[in-house]
Protein chains: 2
Amino acid sequence: MTAGVPQEQGTESAAGPGRPRRSDATRAAILRAAQARFAADGYDRATIRAIAADARIDPSMVMRYYGSKEGLFAAAAEFDLCLPDLSGVPAERLGEALVGHFLSRWEGDDTLPALLRTASTNPGAAERVREIFTGQLAGAVARLVDDPTQALRRAGLVASQLLGVALTRYVLRLPPVVDMSPADLHAWLAPTVQRYLRAQDATSPGRS
Amino acid sequence: MTAGVPQEQGTESAAGPGRPRRSDATRAAILRAAQARFAADGYDRATIRAIAADARIDPSMVMRYYGSKEGLFAAAAEFDLCLPDLSGVPAERLGEALVGHFLSRWEGDDTLPALLRTASTNPGAAERVREIFTGQLAGAVARLVDDPTQALRRAGLVASQLLGVALTRYVLRLPPVVDMSPADLHAWLAPTVQRYLRAQDATSPGRS
DNA sequence: ACGGTATGCCAACACCTGTTGACTCCCCGA
DNA sequence: TCGGGGAGTCAACAGGTGTTGGCATACCGT
């Protein structure tokens, strides 16, 4: 009777640490390979076989530990904007603070490219991006903005500029955007974000 | 002898009008279906079979008329920014003019979403986007900007904002960005683009 | 009226995908 | 020491992909 409970280890990937399992190294290797492949190729082109080969492991292990390709992606695309507490920042420097945070958060972590590449074609991932936006960015912006009815719109504008940079710099790799230093990027983007956050309204959105 | 020259009609899709062929309607139907599918699903998920079904035609016809899936995409993603002549526009209204043009160009034509969705995963399409950027946008911006060494950078910044809007509005469909009217969008974006085009440099990029 | 040719469909190919189940081996606890 | 379950491999499945060649048909110039 080899049937019945298979091996009772399958799906509890993110359910508290428990005690360390012997396979944790393998799990981590799979996750690392998956993040790299998803970031480089997007969801469809990143095959489980390729990820398994990168992790020097059999494709079936991926299924055993993460259940399915979607499950693997969900685990690999766990993404936290890690927004800092901005309550101590003076109102006229919010743009600077936000832009600086995002640039340092994204340089050297390619989860965001993975998410963007995948969200472009995978409705589930797009929904995930919308959740991140609503739950993390829009929430933080609401705390910074006076008129709550305008908060969502302001957050959307900020997202359009910041995600636009992520798209052109990390995904499309437009040469001028790739070549700019983080400092230059910061100097150009901060006033834009500052205006989206604080300008009184669209009919007088600051002078050029 | 059915061999030899097959039917001598294959690959000359974009080689001058010639005289109209009887199959032009079919070709157009395929192209229309392809644009819709590529826009909605991206390159990988848009299957030739699905496109053919939409066009009420056999998949093999697609191959006959467009050679391969890549050839079909190349024909479907022919994209012209249709940049107008901006030489008559006063320098302080260039942002307005550019933003207004892009908004009216994109609303109601979903070639750009198709291109973005595909360029996220397909290196060839990403290269195409870079070409469009360099050949169309950067060229136009260079004509508007005084210091030619800064022109590319300015064009890159403009692209980051405009493509960011396209991404969040048409691809990711972030609700606040989707809900904004073109007029509101225009009022918010024009000053940003204006600053990217004309502000003296990054160390004094305009006040908030 | 006829013959060639452009047009279209059908069936199949070779390949690759995610996913599954059975099998071996080794480590760890009792 | 020994047994059980975790870790890992292998081979296969079923379905979908781009792509190809052969065959019927309707059109058009002569």
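A polar contact is a pair of N or O atoms within 3.5 Å; within protein, one must be able to donate a hydrogen and the other to accept it. Keep that in mind for the exercises below, which all use a predicted model.

**Exercise 1.** Work out where Arg105(A) sits and what its side chain reaches.

*Solution.* Start with the place: Arg105(A) belongs to helix 5 of chain A, residues 94-106. Next, check the accessibility. Buried means under 20% relative accessible area, and Arg105(A) comes in at 17%, so it counts as buried. Now look for partners. Setting aside neighbours within four places in sequence, Arg105(A) touches Phe79(A), Asp80(A), Leu81(A) and Cys82(A). Finally, follow the side chain of Arg105(A): it gets to the backbone oxygen of Asp80(A) at 2.7 Å.

**Exercise 2.** Hop over to chain B and do a similar job for Gln136(B).

*Solution.* Gln136(B) is part of helix 7 of chain B, which runs over residues 123-144. Its relative accessible area is 22%, so Gln136(B) is partly exposed. Beyond neighbours within four places in sequence, the contacts of Gln136(B) include Phe79(B), Asp80(B) and Glu131(B). Take Asp80(B): it is 56 residues from Gln136(B) in sequence, yet their C-alpha atoms are 8.1 Å apart in space. As for the side chain of Gln136(B), it reaches the backbone oxygen of Phe79(B) at 3.4 Å.

**Exercise 3.** Find the stretch of chain A that UniProt annotates as "DNA-binding region", then look at Arg56(A).

*Solution.* According to the unreviewed UniProt entry, that annotation covers residues 47-66 of chain A. Over this stretch the chain is 75% helix and 0% strand, with 14 Å between the end C-alpha atoms. Arg56(A) lies in the loop between helix 2 (48-54) and helix 3 (59-66). With a relative accessible area of 77%, Arg56(A) is exposed. One more thing to spot: the phi of Arg56(A) is near 55°, a positive value in a residue other than glycine.

**Exercise 4.** Figure out how chains A and B are related.

*Solution.* Two copies of a chain are related by a rotation about an axis and a shift along it. Here, a turn of 180° and a shift of 0.0 Å along the axis lay chain B on chain A with an RMSD of 0.1 Å. The two copies are therefore related as by a two-fold rotation axis. In chain B, Gly164(B) has the C-alpha nearest that axis, 1.7 Å from it. Last step, the interface: 100% of the interface residues of chain B are also interface residues in chain A, so the copies meet through the same surface.

Methods
Residues are numbered from 1 along each chain as its sequence is written. Chains are lettered from A and ligands numbered from 1 in the order in which they are written. This is a predicted model: local features need pLDDT of at least 70, side-chain atom pairs count only at pLDDT 80 or more; totals for chains, interfaces and linings use all residues. Side-chain values use heavy atoms; hydrogens and water are left out. Copies are superposed by least squares on the C-alpha atoms of residues with pLDDT of at least 70 in both. Contact means heavy atoms within 4.5 Å. Helices (H or I, at least four residues) and strands (E, at least two) are DSSP runs, numbered from the N terminus. Buried means under 20% relative accessible area, exposed over 50%, partly exposed in between (1.4 Å probe, protein chains only). UniProt positions are given in the numbering used here, feature names are shortened, and annotations may be inferred rather than shown by experiment.
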